[in-house]
Amino acid sequence: MSQAAAIKQCMVAVGLWGLRVLFVVVDSCNANVGIHNSVATHLSNMLQGEGIQDHPVYAIHCLCHILHNTAKHAFESAGQSQLYQRTGYNTALFWVLALVQIKAWLA
């Protein structure tokens with residue numbers, strides 16, 4: 001099952017399928033926001049194909065996910081530090097924010 005089909009299945013289950021959809025918030029990978037074969041494009045095609053709406057569904061990039069990935073890559077580029085003692089999903093984000101806070105305090 002495609003992600004767009006899974007979204008439709010969830011919307012049907014909670015009684016929202018048939019309503020117009022203007023935006024969908026997704027992370028910014030091509031699979032979600034690409035112009036030809038993305039989740040937003042497939043969801044648009046399904047809604048338009050069933051005559052529910054005549055406008056596309058616009059993909060909004062999830063800023064929290066972008067910030068998390070930026071922090072993760074910054075951490076990986078900078079290397080591990082003594083400050084890095086946390087584990088879990090947002091570990092890299094907390095490490096970068098702690099480092100920025102310490103550098104600001106020292107300035």
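## Meet leucine 22

Leucine 22 counts as partly exposed because its relative accessibility is 41%, a label for values between buried (under 20% relative accessible area) and exposed (over 50%), found with a 1.4 Å probe and protein chains only. Along the chain, leucine 22 sits in the loop between α1 (3–13) and β1.

This is a predicted model, where local features need pLDDT of at least 70, side-chain atom pairs count only at pLDDT 80 or more, and totals for chains, interfaces and linings use all residues. Residues are numbered from 1 along each chain as its sequence is written, and side-chain values use heavy atoms, leaving out hydrogens and water.

## Who leucine 22 touches

Which residues is leucine 22 in contact with, leaving aside its neighbours within four places in sequence? They are His55, Pro56, Val57 and Tyr58, where contact means heavy atoms within 4.5 Å. The C-alpha atoms of leucine 22 and serine 44 are separated by 9.2 Å, with the two residues 22 apart along the chain.

## A nonpolar patch

Leu22, Phe23, Val25, Tyr58 and Ile60 make a nonpolar surface patch of about 470 Å². β1 (23–26) and β2 (58–61) each supply at least two residues of this patch.

## The whole chain

Let's step back to the full chain. There are 5 helices and 2 strands, taken from DSSP runs (helices: H or I, at least four residues; strands: E, at least two) and numbered from the N terminus. Read along the sequence, they follow the pattern α-β-α-α-β-α-α. Of the 107 residues in the chain, 26% are buried.

Terms used
Patches are made of residues with over 30% relative accessible area and no salt bridge: like charges are joined within 9 Å, nonpolar side chains (Val, Leu, Ile, Met, Phe, Trp, Tyr) within 5 Å. Accessible areas come from the Shrake-Rupley method with a 1.4 Å probe; for residues, only the protein chains shown count as cover. A salt bridge is a side-chain nitrogen of Lys or Arg within 4 Å of a carboxyl oxygen of Asp or Glu.
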